[in-house]
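Work through the following exercises with the sequence and the coordinates at hand. Each task is followed by a solution in steps.

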Amino acid sequence: MKLYYHPLSGHAHRAHLFLSLAGLDHELVFVDLAARAHKQPDFLRLNPFGEIPVLDDCGTIIADSVAILVYAARRIGPSPWLPTDPVAEAQVQRWLSVAAGKMAYGACAARLITLFGARLDPDEVIARAHATLAVMEETLGAVTWIAGTEAPTIADVALYSYTHHAPEGNVDLGAYPAVRAWLARIEALPGFVPFAASAVGLLA
């Protein structure tokens with residue numbers, strides 16, 4: 001397996017993190033975003049949207065971080081990472097949607113401002129981030145893992161990277177003790193790989 005990634009991308013980190021947690025051997029292939037390597041013809045043949053991450057599994061190409069999580073979870077066979085029980089699977093899918101939507105337009109977007117100078121309204125995206133974190137806090141106050149399962153799922157992996165790095169976008173995690181405890185539980189999992197931190201936002 002080859003994972004096309006960039007070390008500052010939370011989308012790429014979630015894919016890298018799960019491949020490691022799942023014990024799937026893989027090679028990291030650096031994509032130079034600053035040089036716009038992701039917009040060059042060779043890369044666009046892998047993903048016409050010109051986005052990372054992309055997984056190449058012996059010629060099977062999977063683009064999009066959430067799609068990679070689903071593919072890798074099925075690739076290893078039946079496991080708690082992606083339950084087949086309809087109710088549990090629906091809960092996992094619900095939180096995958098949060099990762100792709102509310103998290104992307106909240107904590108992720110806030111980080112884009114401080115790290116890459118994105119022209120977004122910081123007050124708006126920070127407010128979105130806190131709205132999402134408030135729901136996560138309430139949920140995690142009652143369960144160990146975000147989908148309410150007995151073991152971690154790909155939903156936990158999908159939400160980890162941008163939640164943990166929310167302070168880089170000036171999103172303070174101080175008011176969310178259950179979320180912080182959940183982050184620590186993920187970090188204690190065998191195979192965990194950290195997401196490179198940057199001295200911006202509240203970490204400056």
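The exercises below proceed from the whole chain to the sheet and then to individual residues.

This is a predicted model, in which local features need pLDDT of at least 70 and side-chain atom pairs count only at pLDDT 80 or more, while totals for chains, interfaces and linings use all residues. Residues are numbered from 1 along each chain as its sequence is written, and side-chain values use heavy atoms, with hydrogens and water left out.

**Exercise 1. Characterise the overall dimensions and the burial of the protein chain.**

Step 1. Compare the radius of gyration with the globule rule. The radius is taken over C-alpha atoms, and the rule is 2.2 Å times the number of residues to the power 0.38. For 204 residues a compact globule would have a value near 17 Å, and the 16 Å of the protein chain agrees with this.

Step 2. Determine the extents. The C-alpha trace spans about 45 × 40 × 25 Å along its principal axes.

Step 3. Assess burial (buried means under 20% relative accessible area, exposed over 50%, partly exposed in between, with a 1.4 Å probe and protein chains only). Buried residues account for 50% of the 204 residues.

Step 4. Examine the contacts (heavy atoms within 4.5 Å). Of those with a separation of 6 or more, 67% are between residues 24 or more positions apart.

**Exercise 2. Derive the topology of the sheet.**

Step 1. List the elements, which are DSSP runs numbered from the N terminus (helices: H or I, at least four residues; strands: E, at least two). The protein chain has 8 helices and 4 strands, arranged along the sequence as β-α-β-α-β-β-α-α-α-α-α-α.

Step 2. Order the strands, where pairing requires that DSSP finds at least two bridges between two strands. The 4 strands form an open sheet in the order E2-E1-E3-E4, with mixed pairing. E2 and E4 (60-63) are the edge strands, each pairing on one side only.

Step 3. Assign the pairings. E1 (residues 2-5) is parallel to E2 (residues 27-30) over 4 bridges, and tyrosine 4 has valine 29 in E2 as its bridge partner. The chain crosses from E1 through helix H1 (residues 10-21) to E2 in a right-handed β-α-β crossover; right-handed here means that, with the strands pointing away from the viewer, the path from the first strand over the helix to the second runs clockwise. E3 (residues 54-57) pairs with E4 in the antiparallel sense over 4 bridges, and leucine 55 stands opposite isoleucine 62 in E4.

Step 4. Place the helix. H1 packs on the sheet and touches E1, E2 and E3, its direction making about 155 degrees with that of E1. Axes are lines fitted to C-alpha atoms, for helices over the stretch in contact, and angles run from 0 to 180 degrees between N-to-C directions.

**Exercise 3. Identify backbone exceptions and locate them.**

Step 1. Recall the reference case. Most residues other than glycine have a negative phi, and most peptide bonds are trans.

Step 2. Inspect omega. Isoleucine 52 and proline 53 are joined by a cis peptide bond with omega of about 5 degrees, and proline 53 lies in the loop between H2 (41-44) and E3.

Step 3. Inspect phi. Arginine 36, in the loop between E2 and H2, has a positive phi near 60 degrees. Asparagine 170 has a positive phi of about 65 degrees and belongs to the loop between H7 (154-164) and H8 (177-187).

Step 4. Classify exposure. Arginine 36 is partly exposed because its relative accessibility is 46%; asparagine 170 is partly exposed at 36%.
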